[in-house]
Amino acid sequence: MKLIKNICCIGAGYVGGPTMAVIAEKCPDIRITVVDKNNERISQWNNKDTSKLPIFEPGLEEIIKKVRNKNLYFSNDIDGTIANSDIIFLCVNTPTKDKGFGAGEASDLKFIESCARKVAQFSKGHTIVVEKSTLPVRTAETIKTILNSAKIVKNSNSKTFSVLSNPEFLAEGTAIQDLKSPDRVLIGGEDKISIEVLANIYQNWIPNKKIIRTNLWSSELSKLTANAFLAQRISSINSISAFCEITGGDIKEVSKAIGSDRRIGSEFLKAGPGFGGSCFKKDISNLVYLSNYFGLPEVAEYWNSVIKLNEWQKLRISKLIVQKLFGTLRGKSIAILGFAFKSDTNDTRQSASIDISKNLLEEGANLIIHDPKVTEDQIIKELGIKPHSQKLNKSTTEEEGAWIKKDTIESTLKNVDAVVILTEWSIYKEIKWEELSKSMRQPAWIFDTRSVVEKKEIKKANLNLWVIGDAEYN
Ligand code: NAD
Ligand code: UGA
């Protein structure tokens with residue numbers, strides 16, 4: 001079997017960076033180069049100050065300190081790296097198409113296509129091309145067609161390729177742990193030798209029984225299906241959270257009761273403001289598109305309902321905030337605790353905080369936003385408006401529909417009429433409500449969409465409390 005010496009990873013993002021860092025740590029004899037067309041991202045990965053890496057992920061910084069410039073390199077020499085590599089991982093983004101046929105649903109494969117063309121042009125000898133990005137089922141066919149065109153153009157058979165599907169299942173915030181100890185590694189392919197070459201790399205730290213080998217199409221489809229099933233659980237529990245609030249139930253009790261059934265399982269049953277992240281919506285939309293494309297409209301409708309329920313959850317929370325604050329938010333100050341789509345990440349893509357913040361701004365509220373890892377620039381990008389130049393949480397203000405970011409919880413909560421907890425950062429669980437309530441404008445509300453606060457503490461502080469899925473606090 002071929003000895004792998006050089007790996008290239010195209011795409012230095014949330015998947016490419018952490019995944020290659022862990023492979024580098026576990027396989028010290030392999031030289032790995034992560035390349036990206038975004039030069040700024042590459043220089044951030046190469047920053048001497050490792051606290052300034054482009055991605056915040058617990059445990060990542062320590063690994064980078066250990067392996068960077070030993071057997072892990074970050075470079076913008078895409079062509080040269082491709083030419084020197086035995087295996088090329090495609091880790092580029094696969095966003096939803098924003099125009100043309102299938103806009104809003106189908107995957108835009110322009111980045112994957114341009115990578116395949118580069119590999120066709122610059123690779124030498126035999127190259128294993130690994131789909132790590134999440135792709136519509138049958139994309140490997142497109143990649144193979146592009147790669148094989150290299151032979152036609154150059155009229156040379158010296159280049160050969162083998163395409164594998166090796167989807168990534170890591171979740172942000174736990175990426176390093178997920179990569180070091182995954183539930184499974186999935187490798188789909190047609191060429192058994194190449195499958196084993198890739199499996200050998202993983203076997204450096206993952207037991208063989210956890211490595212599942214399938215055909216290409218099962219592997220591609222399993223990734224979309226896994227994300228669809230995970231998102232479906234969240235929409236299911238969120239639908240029941242609304243039920244609880246009306247009927248006297250408590251969603252945490254319901255989750256525990258149903259999750260104790262082994263067939264259901266206890267994971268992924270936390271009610272919240274709606275799932276965010278770069279992938280769930282994108283991947284289900286893609287599944288919806290493919291279902292219609294393959295003539296399965298009922299299947300499309302079924303999966304589309306998972307997205308619809310998610311949108312509804314964000315809307316119903318926004319509406320109930322307005323209703324509890326006497327039907328108007330004009331000129332009121334509202335603290336937003338958490339802008340990332342989940343805790344332990346600086347990623348804001350599709351975060352429920354974006355839509356809920358936009359709804360509140362639209363109603364005329366002024367938002368004081370806090371997040372321990374998300375930058376002001378990132379919030380500007382997501383909300384599409386610049387922050388206000390002056391303090392907004394003064395005791396009186398003429399402003400409406402503006403926002404600012406604050407760095408401490410104390411300064412965020414000053415003079416606010418309400419606090420909306422949208423990300424479950426652990427620091428929000430430790431807020432001294434009794435102390436901080438004194439600086440809030442009364443009667444003040446806490447809206448806990450993540451069910452993280454100590455309810456007794458809030459009661460002691462004489463604050464009004466709404467908790468997701470809990471009829472007692474509604
Ligand atoms: P990302 O946007 O963070 O990173 C992608 C990178 O690819 C960017 O830095 C971009 O500049 C680069 N890129 C795009 N086209 C390029 C090209 N032609 N040449 C060189 N570089 C190029 O994306 P991500 O979150 O890392 O996701 C990548 C893929 O992995 C997606 O398909 C996603 O669905 C999948 N995935 C993501 C996660 C996650 O947690 N983020 C988990 C599992 C799977
Ligand atoms: C998800 C999957 O968990 C990964 O397996 C997959 O690889 C990845 O998508 C991907 O393909 O991108 P990620 O989006 O990083 O990972 O994070 P999750 O932990 O799945 O959370 C997604 C969203 O669901 C977050 O907004 C989170 O707060 C929400 N969530 C999660 C809930 O509301 N309740 C839960 O019980 C779990």
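Student: In this predicted model, which residue of strand 12 does Ala335 stand opposite?

Tutor: The model is a predicted one, and in it strand 9 (residues 333-337) pairs with strand 12 (residues 418-421) in the parallel sense, over four bridges. Within that pairing, the residue of strand 12 that stands opposite Ala335 is Val419.

Student: Which residues point the same way from strand 9 as Ala335, and are they buried or exposed?

Tutor: In a regular strand the side chains alternate between the two faces of the sheet. In strand 9, Ile334 and Ile336 point one way, while Ala335 points the other way together with two further residues, and all of these residues are buried. Strand 9 as a whole is mostly covered, with five of its five residues buried. The residues that share the direction of Ala335, both of them buried, are Ser333 and Leu337.

Student: How does strand 9 run relative to strand 10, and which residue of strand 10 is opposite Ile334?

Tutor: Strand 9 is joined to strand 10 (residues 366-370) by five bridges, and the two strands run parallel. The chain passes from strand 9 through helix 13 (residues 352-362) to strand 10, and this β-α-β crossover is right-handed. Opposite Ile334, in strand 10, stands Leu367.

Student: What share of the accessible area of ligand 1 does the protein cover?

Tutor: Ligand 1 is surrounded by 27 residues, and the closest are Asp36, Arg41, Thr94, Glu172 and Lys282, while helix 5 (residues 110-122) gives the largest share of this shell, three residues. An N or O atom in the side chain of Arg41 is 2.8 Å from an oxygen atom of the ligand, and nitrogen atoms of ligand 1 lie 3.1 Å from a polar side-chain atom of Ser114 and 2.8 Å from a polar side-chain atom of Glu172. Of the 830 Å² of accessible area that ligand 1 has on its own, the protein covers 92%.

Student: What share of the area that ligand 2 exposes when taken alone does the protein bury?

Tutor: The shell of ligand 2 holds 19 residues, the closest being Phe169, Leu170, Glu172, Cys279 and Arg450, and its largest share, four residues, comes from helix 9 (residues 216-247). Oxygen atoms of ligand 2 lie 3.4 Å from a backbone N or O atom of Glu168, 3.3 Å from a polar backbone atom of Leu269 and 2.8 Å from a backbone N or O atom of Phe341. Taken alone, ligand 2 exposes 700 Å², and the share of this that the protein buries is 90%.

Student: Why is Thr50 counted as buried, and what is its relative accessible area?

Tutor: Thr50 lies in the loop between helix 2 (39-45) and helix 3 (60-67). Not counting residues up to four places away in sequence, Thr50 touches Glu61, Ile64, Lys65 and Arg68. A residue is counted as buried when its relative accessible area is under 20%, and Thr50 qualifies because its value is 6%.

Student: How far is the C-alpha atom of Leu465 from that of Phe169?

Tutor: Leu465 is found in strand 14 (residues 464-467) and is buried, with a relative accessible area of 5%. Leaving aside neighbours within four places in sequence, Leu465 is in contact with residues including Trp445, Val453, Ile458 and Tyr473. Phe169, one of the closest residues to ligand 2, is 296 residues away from Leu465 along the chain, and the separation of their C-alpha atoms is 36 Å.

Methods: Residues are numbered from 1 along each chain as its sequence is written. Chains are lettered from A and ligands numbered from 1 in the order in which they are written. This is a predicted model: local features need pLDDT of at least 70, side-chain atom pairs count only at pLDDT 80 or more; totals for chains, interfaces and linings use all residues. Side-chain values use heavy atoms; hydrogens and water are left out. Buried means under 20% relative accessible area, exposed over 50%, partly exposed in between (1.4 Å probe, protein chains only). Two strands pair if DSSP finds at least two bridges between them. A crossover is right-handed if, with the strands pointing away from the viewer, the path from the first strand over the helix to the second runs clockwise. Contact means heavy atoms within 4.5 Å. A residue is near a molecule or strand if one of its heavy atoms lies within 4 Å of it. A polar contact is a pair of N or O atoms within 3.5 Å; within protein, one must be able to donate a hydrogen and the other to accept it, and residues adjacent in sequence count only if both atoms are side-chain atoms. Accessible areas come from the Shrake-Rupley method with a 1.4 Å probe; for residues, only the protein chains shown count as cover.
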